[in-house]
There are 2 protein chains.
Amino acid sequence: MPRRCWRGGHGWRGLGCGQRLTAPRQAIYQALSGAQGHLSADEIFLRVRGRMPGIGLATVYRNLELLRTGGHIRSVDAGDGKARYELHQAAGGPGHHHHLICRQCGQVIDYMDFEKDELALVKKLETQLSGKYKYQIAEHDITFYGTCPNCAKRD
Amino acid sequence: MPRRCWRGGHGWRGLGCGQRLTAPRQAIYQALSGAQGHLSADEIFLRVRGRMPGIGLATVYRNLELLRTGGHIRSVDAGDGKARYELHQAAGGPGHHHHLICRQCGQVIDYMDFEKDELALVKKLETQLSGKYKYQIAEHDITFYGTCPNCAKRD
DNA sequence: TTCCTTAATGTTAACAATTCTCATTATCAT
DNA sequence: ATGATAATGAGAATTGTTAACATTAAGGAA
């Protein structure tokens with residue numbers, strides 16, 4: 001009855017105490033790691049249903065939320081009314097990128113042209129903030145907003 | 001009949017050609033400048049209705065969108081399923097801040113502890129990006145995600 | 001001022017994304 | 001294998017946001 005709380009028994013870091021490693025959960029994660037960035041819940045649902053015909057949409061939502069709070073994935077808001085998800089990439093690691101979003105049409109560009117000093121600055125900020133506010137900082141997002149060349153023409 | 005397109009005649013920069021300066025529009029903007037940051041459309045609606053009982057919720061949404069694409073305000077996604085709005089503060093200017101968001105409970109902290117090199121780096125990135133992608137960059141957002149001390153306890 | 005064009009409004013219905021309910025199934029420590 | 005319970009699938013219900021439409025009003029022209 002006491003059933004102590006253990007972690008990581010099944011090899012997946014980030015699943016909390018009592019959380020189970022299920023097939024839909026893995027399939028959803030794989031769908032995200034397969035495609036590159038910015039899938040909506042609906043798109044993930046469709047992809048996963050390809051290999052797992054019986055899966056329900058609610059399960060997708062439930063697991064995205066779980067993966068998100070667990071730090072495996074993060075959501076991006078492109079302003080089109082639906083949340084989009086992508087794998088969480090460690091700062092400085094491969095795949096790490098930031099966003100450039102058009103305020104008018106919502107187009108999202110991933111960019112990876114980092115300045116060499118960028119990582120150092122981010123690290124410094126993290127340390128500072130985590131000290132001041134007692135947050136455990138896991139990731140960051142740098143996004144620039146503006147007008148894309150297409151929308152600029154229409155002005 | 002030709003009615004030429006003029007701008008700024010009523011003193012409000014950022015309203016496009018043909019856009020009118022109406023009472024609800026001003027009230028909504030004032031509601032945002034009155035309270036400090038992160039109001040949802042619903043909250044803005046309630047506040048404005050205090051002074052302007054007949055206003056409709058759709059009007060709030062319409063004007064928030066107008067103010068947003070016009071560059072007066074911007075929306076922040078705290079992950080709680082509703083868009084939140086705040087006045088757009090020019091980078092480096094007073095009131096400019098970044099965000100620290102708890103992935104679990106969605107708490108949003110504004111921070112203004114900038115490093116002196118931060119502004120310089122952002123400017124450099126802006127120039128670089130706007131050259132490469134032909135974007136007119138108007139603003140940026142730097143957000144750190146993590147776990148707040150409260151939610152860390154519950155783990 | 002008064003007129004006229006048309007942007008903006010308020011109401012309501014419609015919509016689409018997300019969450020909830022609940023009976024059933026499946027994970028996994030024992 | 002067994003039992004406690006986390007997770008699932010189906011669908012209904014809820015919620016934030018947008019569209020439709022008839023009405024009002026901003027503001028340039030006369």
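How many nonpolar, polar and charged residues does the surface near DNA strand D have? By class, there are 9 nonpolar, 9 polar and 7 charged residues. The model is predicted, and the stops below go from the DNA to the cysteines.

**DNA strand D.** Select strand D and the protein around it. The strand is surrounded by 25 residues. Among the closest are Thr22(A), Arg25(A), Thr59(A) and Arg62(A), together with Tyr61(B) from the other chain listed. Now color the helices. In chain A, α1 (23–34) and α3 (57–69) each supply at least two residues of this surface, as does α3 (57–69) of chain B. On the DNA side, 66% of the strand D atoms within 4 Å of the protein belong to sugar or phosphate, and the rest to bases.

**Phosphate contacts.** Stay with strand D and show its phosphate oxygens. Select Thr22(A): an N or O atom in its side chain is 2.9 Å from one of them. Next, select Asn63(A), where a polar side-chain atom lies 3.3 Å from a phosphate oxygen of strand D. At Gly54(A) the contact comes from the backbone, with an N or O atom 3.3 Å from a phosphate oxygen of the strand.

**Cysteines.** Leave the DNA and select Cys151(A), which is buried, with a relative accessible area of 4%. Its closest cysteine sulfur is in Cys148(A), 3.7 Å away, so the two are too far apart for a bond. Move to chain B and select Cys148(B). This residue is in no disulfide, and the nearest cysteine sulfur, in Cys102(B), is 3.7 Å away. Cys148(B) is buried, with a relative accessible area of 4%. Over all chains, a search of the whole structure finds 0 disulfides.

Key:
Residues are numbered from 1 along each chain as its sequence is written. Chains are lettered from A and ligands numbered from 1 in the order in which they are written. This is a predicted model: local features need pLDDT of at least 70, side-chain atom pairs count only at pLDDT 80 or more; totals for chains, interfaces and linings use all residues. Side-chain values use heavy atoms; hydrogens and water are left out. A disulfide is a pair of cysteine sulfur atoms within 2.5 Å. Buried means under 20% relative accessible area, exposed over 50%, partly exposed in between (1.4 Å probe, protein chains only). A residue is near a molecule or strand if one of its heavy atoms lies within 4 Å of it. A polar contact is a pair of N or O atoms within 3.5 Å; within protein, one must be able to donate a hydrogen and the other to accept it, and residues adjacent in sequence count only if both atoms are side-chain atoms. Helices (H or I, at least four residues) and strands (E, at least two) are DSSP runs, numbered from the N terminus. Ala, Val, Leu, Ile, Met, Phe, Trp, Tyr, Cys and Pro count as nonpolar, Asp, Glu, Lys and Arg as charged, and the others, Gly among them, as polar.
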